[in-house]
Amino acid sequence: MASHIGRRKLRAAEAVAPSLDIGLTAIDIHGGDEIERAIATFAGQPDGGLIVTPHPSTVANRGSIILLAARHRLPAVYPYRYFAAESGLMSYGPDQVEQWRGAASYVDRILRGDKPGELPVQAPTKYELVINLKTAKVLGLNIPPAFPLRADEVIE
């Protein structure tokens, strides 16, 4: 079950994949045994990796997804920092703390009388890259030394 954001990210990945000479396989999973079967099947293909898109089911099942990616030695990029903090390889996504701060200012404006329907939609303004080098080592990945220098956070 793909969210609106997940579908947009999938379309963007599909658009750029041919120029990078890579194949792309979308896996639509909802939870439980379905996750295990899908990741195990995908892991049977050579040179694979995962891009986990933001969705309530991927957040709710993140522990299983992270564990299965590690078990099958699949490098994976996750949508939020806490995936990498929980042993995922890396995450790239919006800084959620900054988003919550912005939400608080909206609550304040609404409580002061602004109409919610008249407030502009705000896109994230800060994205963060988090790399878990412990997980990279477990997966046997050789991370180029310059890559962690670009990260907002490195877990060692």
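One cavity of 30 Å³ or more turns up in this predicted model, and its volume is about 50 Å³. Rolling a probe the size of a water molecule over the atoms is what shows where such empty space is left. To find the cavity in the structure above, look for the residues that line it: Ile-66, Ala-69, Ala-70, Leu-74, Ala-76, Tyr-78, Ser-87, Gly-88, Leu-89, Thr-135 and Leu-139.

Which elements build this wall? Helix 4, strand 2 and helix 7 each supply at least two residues of the cavity lining. The largest share comes from helix 4, with 3 residues. In chemical terms, the cavity lining divides into 8 nonpolar and 3 polar residues, with no charged ones.

Thr-135 is a good residue to pause on, as it is part of that lining. You will find Thr-135 in helix 7, which covers residues 133-139. Is Thr-135 buried or exposed? Its relative accessible area is 10%, so Thr-135 counts as buried, the limit being under 20%. Leaving aside residues up to four places away in sequence, Thr-135 touches Ser-87, Gly-88 and Leu-89. Those three partners also line the largest cavity, along with Thr-135 itself.

Now let us turn from the enclosed space to an open one. The largest pocket has a volume of about 1100 Å³. Its lining holds 41 residues, and those closest to the pocket centre are Leu-24, Thr-25, Leu-50, Ile-51 and Val-52. Several elements give two or more residues to this lining: helix 1 (4-16), helix 2 (33-43), strand 1 (50-51), helix 3 (56-60), strand 2 (76-78) and strand 3. Helix 1 gives the most, with 5 residues. Strand 2 is worth a second look, since it appears in the pocket list and also supplies at least two residues to the lining of the largest cavity. What classes of residue make up the lining of the largest pocket? By class, there are 28 nonpolar, 10 polar and 3 charged residues.

Charged side chains bring us to the last stop. Side chains of opposite charge can pair when their charged atoms come close. In this structure there are 6 salt bridges, among them one between the side chains of Arg-62 and Glu-86, at 2.9 Å from N to O. This pair links distant parts of the chain, its members being 24 residues apart. Arg-62 sits in helix 4 (residues 62-71), while Glu-86 lies in the loop between helix 5 (81-85) and strand 3 (90-94). Arg-62 has a relative accessibility of 23% and so counts as partly exposed; Glu-86, at 36%, is partly exposed too.

Another salt bridge joins the side chains of Arg-112 and Asp-108, again with a distance of 2.9 Å from N to O. How exposed are these two partners? Arg-112 reaches 66% relative accessibility, and because exposed means over 50%, it counts as exposed. Asp-108, at 34%, is partly exposed.

Asp-114 and Arg-109 form a further salt bridge, in which the closest N and O atoms are 3.0 Å apart. Asp-114 counts as partly exposed at 33% relative accessibility, and Arg-109 falls in that class as well, at 35%.

Methods. Residues numbered from 1 in each chain as written. Predicted model: local features only at pLDDT ≥ 70, side-chain atom pairs only at ≥ 80, totals over all residues. Heavy atoms only, no water. Salt bridge = Lys/Arg side-chain N within 4 Å of Asp/Glu carboxyl O. Helix = DSSP H or I, 4+ residues; strand = E, 2+ residues; numbered from the N terminus. Buried < 20%, exposed > 50% of the residue type's maximum accessible area, 1.4 Å probe, protein only. 1 Å grid on protein atoms, 1.4 Å probe; cavity = no way out; pocket = protein on both sides within 12 Å on 5 of 7 lines; lining within 4 Å. Points joined across faces, edges and corners; volume = space filled by probe spheres on them. Nonpolar A, V, L, I, M, F, W, Y, C, P; charged D, E, K, R; others polar. Contact = heavy atoms within 4.5 Å.
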